[in-house]
Amino acid sequence: MNRKEQFDVIVLGAGPGGYPAAIKAAQCGKKVALVEPKQLGGTCLNRGCIPSKALIANAEVLQMVREADKYGIITGEVRFDFGKMAQRRDETIALLRHSLEGLISANGITLFRGFGTFGSPREVKVRGEDSGALLQADAVIIATGSEPKNISTFPFDRRYIHDSTSLLEINELPRSLLIVGGGGNRLRICLAISRPRHRCHHCRAYAKHPADGKPLYFPNAEQLFYKQRNSHKNRGNSGKNR
Ligand SMILES: Cc1cc2nc3c(=O)[nH]c(=O)nc-3n(C[C@H](O)[C@H](O)[C@H](O)COP(=O)(O)OP(=O)(O)OC[C@H]3O[C@@H](n4cnc5c(N)ncnc54)[C@H](O)[C@@H]3O)c2cc1C
């Protein structure tokens with residue numbers, strides 16, 4: 001039996017597209033429902049920006065310590081524990097997710113756990129933990145994001161062939177890594193995973209030249225990452241490059 005509830009605004013998806021919209025609507029005095037089947041925070045917090053930034057920060061500290069000698073600091077043998085690095089990544093995500101949960105509830109937003117599907121343009125059915133909820137509203141915001149695309153010739157087995165989600169969840173470093181695709185996200189992962197082992201030279205990044213579309217090949221992915229970052233900055237676009 002469906003449980004009907006009336007709202008002013010329904011937001012589908014609690015990623016960085018959805019949750020700020022839900023909070024803003026609530027702060028404007030609207031009665032808001034937020035529907036999310038997975039963890040709050042979406043790709044960015046759980047499977048994207050935050051885990052990759054956490055791992056990159058680890059790698060940067062390691063790099064500095066390795067180069068301490070240049071600054072006249074004597075450190076002795078430098079070793080690292082990727083398990084602990086991964087633990088710090090998970091703790092960072094958990095802390096931010098906890099803050100976000102607090103923010104959602106402090107703004108009086110009603111959270112429904114499950115996938116939202118349209119019954120009619122103003123009616124959303126929830127399928128999942130909160131199955132049976134039938135939500136009605138004048139406005140529905142769709143912020144359902146995207147998922148990694150499986151390549152049929154190389155299906156993800158999440159052991160040897162990873163998508164960005166499973167690669168950012170590993171607790172042991174691979175000996176070497178081939179990155180297919182030259183976008184900023186792929187390169188962030190490359191930096192995060194490869195730097196501790198000095199395996200950047202095993203990462204291969206490909207990209208198309210923005211002007212003529214010809215393939216570019218960078219044996220060192222870091223080179224491409226910083227090149228891209230600088231070109232964002234030069235275009236006054238650095239804010240996008242969190
Ligand atoms: C490895 C990686 C690194 C990245 N690094 C950066 C970075 O440094 N800077 C940056 O700006 N961006 C970065 N991004 C991109 C950023 O994560 C995305 O742009 C952002 O998460 C998109 O937000 P969104 O809310 O549109 O979608 P998502 O974050 O994907 O959220 C969508 C949510 O909708 C939910 N959903 C799906 N279907 C339904 C449904 N039917 N009903 C209800 N809910 C549903 C999903 O479970 C999900 O939680 C990175 C991405 C990756 C993969």
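## A ligand, its shell and the core behind it

In this predicted model, the ligand is surrounded by 30 residues, and G13, G15, G17, G42 and G145 are the closest of them. That is a good place for a newcomer to begin looking.

Which kinds of residue make up the shell around the ligand, nonpolar, polar or charged? The shell has 14 polar residues, 10 nonpolar ones and 6 charged ones. Several elements contribute to it: β3 (32-36), α2 (42-47), α3 (49-66), β5 (115-120) and α6 (184-194) each bring at least two residues. The element that gives the most is α2, with 4 residues. The shell also draws on two domains, taking at least three residues from domain 1 (3-147) and at least three from domain 2 (173-233).

### The chain as a whole

Stepping back from the ligand, you can count 7 helices and 10 strands in the chain. Of its 242 residues, 27% are buried. Among the contacts with a separation of 6 or more, 58% join residues that are 24 or more positions apart.

### The nonpolar cores

In soluble globular proteins, nonpolar side chains tend to be buried together. Here the largest nonpolar core has 24 residues, and I10, V32, A33, L34 and V35 have the most contacts inside it. At least two residues of this core come from each of β2 (9-12), α1 (18-27), β3, β6 (123-127) and β7 (133-136). Another core, of 6 residues, lies apart from it and includes L45, I50, L55 and M85.

What does V32 touch, once its neighbours within four places in sequence are set aside? V32 is in contact with F7, D8, V9, V11, A22, A25, A26 and I109.

V140 is another residue to visit, and it sits in strand β8 (139-142). V140 is buried because 20 other C-beta atoms lie within 10 Å. Not counting residues up to four places away in sequence, V140 touches I10, L12, R122 and V124.

### Helix α1 and its buried face

Three of the contacts of V32 just named, A22, A25 and A26, are also buried residues of α1, along with G18 and Y19. Why do the buried residues of α1 line one face of the helix? Seen down the axis of α1, they fall within an arc of 130°, so they share one face. There is a general pattern to keep in mind: an α-helix has 3.6 residues a turn, so residues three or four places apart point the same way.

The buried residues of α1 pack against β2, β3, α4 (82-106) and β8. P20 also lies in α1, but P20 counts as partly exposed because it has 14 C-beta neighbours inside 10 Å. After α1 comes G29, which has a positive phi near 90°.

### A few residues to find

A86 is placed in helix α4. A86 is buried, since 20 other C-beta atoms lie within 10 Å. S120, in contrast, is placed in strand β5 and counts as exposed, with 8 C-beta neighbours inside 10 Å.

Some residues already mentioned have partners some way along the sequence. The table gives the separation of each pair along the chain and in space.

| Pair | Apart in sequence | C-alpha to C-alpha |
|---|---|---|
| A86 and E172 | 86 residues | 8.3 Å |
| S120 and Q136 | 16 residues | 9.3 Å |
| P20 and I104 | 84 residues | 9.3 Å |
| V140 and L34 | 106 residues | 10.0 Å |

The last pair links back to the core: L34 is one of the residues with the most contacts inside the largest nonpolar core.

### A backbone angle to notice

Most residues other than glycine have a negative phi. R158 has a positive phi of about 60°, although it is not a glycine. Where is R158 found? R158 belongs to the loop between β8 and α5 (164-167). With 13 C-beta neighbours inside 10 Å, R158 is counted as partly exposed.

### Coming back to the ligand

With the rest of the chain in view, it is worth returning to the start. Strand β3 supplies at least two residues of the shell around the ligand, and β3 also supplies at least two residues of the largest nonpolar core. Strand β5, where S120 is placed, is likewise among the elements that give at least two residues to the shell.

Technical notes
Residues are numbered from 1 along each chain as its sequence is written. This is a predicted model: local features need pLDDT of at least 70, side-chain atom pairs count only at pLDDT 80 or more; totals for chains, interfaces and linings use all residues. A residue is near a molecule or strand if its C-beta atom, placed from the backbone, lies within 6 Å of it. Ala, Val, Leu, Ile, Met, Phe, Trp, Tyr, Cys and Pro count as nonpolar, Asp, Glu, Lys and Arg as charged, and the others, Gly among them, as polar. Domain bounds come from an automatic or database domain assignment. A nonpolar core is a set of buried Ala, Val, Leu, Ile, Met, Phe, Trp, Tyr and Cys residues joined through C-beta atoms within 7 Å. A residue is buried if 20 or more other C-beta atoms lie within 10 Å of its own, exposed if 12 or fewer, and partly exposed in between; C-beta atoms are placed from the backbone. Two residues are in contact if their C-beta atoms, placed from the backbone, lie within 7 Å. The arc is that of the directions from the helix axis to the C-beta atoms.
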